[in-house]
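I opened this notebook to record what I looked up in the structure, entry by entry. The entries follow the order in which I turned to each topic.

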Amino acid sequence: MPESTAPRRRSSTITEGVQRTPNRAMLRAVGFGDGDFARPIVGIANGYSTITPCNVGLNVLAESAADAVRAAGAMPQLFGTITVSDGISMGTQGMKYSLVSREIIADSIEAVCNAQSMDGVLAIGGCDKNMPGAMIAIARLNIPAIFVYGGTIKPGHYQGRDLTIVSAFEAVGQYSANKISGEELLEVERHACPGAGSCGGMFTANTMSSVIEAMGMSLPYSSTMAAEDAEKADSSARSAAALVAAIDRQILPSQLLTRKAFENAIAVTNALGGSTNAVLHLLAIARAAGVPLTIDDFEAIRQKVPVLCDLKPSGRFVTTEFHRAGGVPQVMRMLMDHGLLHGDARSVTGLSIGEILADVSPVPPAGQEVIRPWDRPLYPAGHLVVLRGNLATEGAVAKVTGVKNPKITGPARVFDSEEECLQAILAGKIRPGDVIVIRYEGPRGGPGMREMLAPTSALIGAGLGDSVGLITDGRFSGGTYGMVVGHVAPEAAVGGTIALVREGDSITIDSGARTLNLHVPDAELAARRKSWKAPVPPRTGVLGKYARLVSSSSLGAVTDA
């Protein structure tokens, strides 16, 4: 773009002042010339890392974005932010750092952009916490911003079936139940993750990328592209150009992250059959954006929105197939045509959601089964059910896709950590009809609110997914399904009722009635409470800081409440 037509910095009058000479001197050392100081400075927050396949391809996207920023007349400034691999740390003590990393990502992007007076930010991420971490920062900063998703992994293949990372977790349970051989277990491991990209089902990463697209903070169709396809780098370049245009027009996140945008995000999450983590992350993003949102809003919208997509983990298809079937815009158009999406909500492109969807067919394409017709949904109402009762006075979240029995009453099998529970499952000590309780895994109690993918996958692999209930004050992976209830609040570490459950107590999970109850008299619970002692949290390091600051999961587990 010629200098005369390039967008100018909002802070250009200050930048061009004599008092900024030392600052300009340092910028010259990183490539600025005489004509560049009046151009917008665009931060490119790059989550590149070889720690996880989710992020291993991000450098290519960052370079593509940087080139496009320059071509559009602005000055890119690349900086790194962290990631941790949920899939690699799953089932270990390292998973305690996963949700914590969301806050570190948000804080690091906020710190760099504010310290360097960025005029806009393009955030690139892949693994689960990259997306909400970036969006929390974007909401706090309120400078023009866009998100670029690193892309989904392509499915692995073994013996004629598609594999995802969850296939490997479930194979552990199958092997322990003598349903597959050690050789097959090894082959599933070898084939589950064939290359770069985030976990391939409608797990947390693909759920959150889809949510961000639904909120207008990324380009249409960009949330379901495969990481290794050429269109992903092209989308990154187009996103950069769109951001520079948004800087010129001063399209701010506060104008986009409205109540309507969050309602659109919740509707899309349910229509896709997305992860329970969307509840936690959307609450946190809404708080950063100053938009009132509660878990009860999720329940109200859920009841109106059908599950339209047959996607893993409980369904048949992977995200690359969803992309070929029309992706998020196809689902959004169907929701909008039935009055369940706000078409007047705005996007970073300057267009309304309705304008973006104008050329999308109101019916899904023929010859595919990933996206169901409106009159033949997978489920008539959404799958993320908010439960309440004496075990969850602040609420809990159940994911009911794939659940054959919406109600279970059974004896409590109580474990004070994920590891204790997994050991019992693999040893064959869990029986049909049991209700597993995993506690002290909440935001403060973990600390870090680990995901219980290893135990839930082991249950599925052992054939117990339909006959055993599981409740926890921790979280679930987007790959989890079955009769499972997470985010139980108040959590055990702060004296929630879940801390008072004893082995053999009767518990009822009733997703139809939206209740979660412990069948123990109030007087007995009061007596147990008198003898209960709060655990001592870590006092040092990042987990210590997190435990002191973090809020309830019912508020999004934020650290700046």
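Before sorting any lining by class, I noted that Ala, Val, Leu, Ile, Met, Phe, Trp, Tyr, Cys and Pro count as nonpolar, that Asp, Glu, Lys and Arg count as charged, and that the others, Gly among them, count as polar. I also wrote down at the start that this is a predicted model.

**Entry on the cavities**

I looked up the enclosed spaces and found six cavities of 30 Å³ or more. The largest cavity holds about 80 Å³ of space, and I listed the residues lining it, among them E213, P220, M332, T349 and L357. Helix 16 (327-337) and helix 17 (353-356) are the elements that give two or more residues to this lining. Sorted by class, the lining of the largest cavity divides into seven nonpolar, four polar and one charged.

**Entry on the largest pocket**

I then turned to the open spaces, where the largest pocket has a volume of about 520 Å³. Its lining is made of 35 residues, and those that lie nearest the centre of the pocket are G87, I88, M90, I165 and F169. I asked myself which helix gives the largest share of this lining. I found that helix 7 does, with five residues. Each of helix 4 (86-89), helix 7 (165-176), helix 8 (182-191), helix 18 (418-426) and helix 19 (453-461) supplies at least two residues of the lining. By class, I recorded 21 nonpolar, ten polar and four charged residues around the largest pocket.

**Entry on the parallel sheet**

I next traced an open sheet of four strands, which pair in parallel and follow the order 2-1-3-4. Strand 2 (75-80) and strand 4 (145-149) stand at its edges with a single partner strand each, so one side of each is left without a neighbour in the sheet. From one strand to the next, I noted that the twist averages 20°. Strand 3 (residues 120-125) runs parallel to strand 4 and is joined to it by five bridges, and I picked out I124, whose bridge partner in strand 4 is V148.

**Entry on strand 13 and its neighbours**

Was strand 13 largely enclosed or left open by the rest of the structure? Four of the five residues of strand 13 (residues 506-510) are buried, so I wrote that this strand is largely enclosed by the rest of the structure. I then followed its pairing, which is antiparallel with strand 9 (residues 407-415) over five bridges, and I noted that T409 has T508 in strand 13 as its bridge partner. Strand 13 also pairs in the antiparallel sense with strand 14 (residues 515-518), over four bridges, and here D510 stands opposite T515. Strand 13 and strand 14 form a hairpin with four residues between them, and in the turn I marked R514, which has a positive phi of about 60°.

**Entry on the salt bridges**

I looked up the salt bridges last, and the count comes to 33. I examined three of them, and for each I checked how far the partners are covered, keeping in mind that buried means under 20% relative accessible area.

The side chains of D36 and R39 meet at 3.2 Å, N to O. D36 has a relative accessible area of 15%, so I recorded D36 as buried, and R39, at 13%, also counts as buried.

In the salt bridge between D234 and R238, the closest N and O atoms are 3.1 Å apart. Both residues lie in helix 10 (residues 230-249), four residues apart, which I noted as about one turn of the helix. D234 is partly exposed at 43% relative accessibility, and R238 is partly exposed at 39%.

The side chains of R475 and E451 meet at 2.9 Å, N to O. This pair links distant parts of the chain, since R475 is in the loop between strand 11 (469-472) and strand 12 (484-489), while E451 is in the loop between strand 10 (435-438) and helix 19, 24 residues apart. R475 is buried, with a relative accessible area of 0%, and E451 counts as buried at 0% relative accessibility. I closed the entry with the network into which salt bridges that share partners join D86, K129, E451 and R475.

Conventions:
Residues are numbered from 1 along each chain as its sequence is written. This is a predicted model: local features need pLDDT of at least 70, side-chain atom pairs count only at pLDDT 80 or more; totals for chains, interfaces and linings use all residues. Side-chain values use heavy atoms; hydrogens and water are left out. On a 1 Å grid over the protein atoms alone, a cavity is a set of points where a 1.4 Å probe fits but cannot get out, and a pocket is an open set with protein on both sides within 12 Å along at least five of seven lines; lining residues have an atom within 4 Å of a point. Grid points are joined across faces, edges and corners, and a volume is the space filled by probe spheres set on the points. Buried means under 20% relative accessible area, exposed over 50%, partly exposed in between (1.4 Å probe, protein chains only). Two strands pair if DSSP finds at least two bridges between them. A salt bridge is a side-chain nitrogen of Lys or Arg within 4 Å of a carboxyl oxygen of Asp or Glu. Axes are lines fitted to C-alpha atoms, for helices over the stretch in contact, and angles run from 0 to 180 degrees between N-to-C directions.
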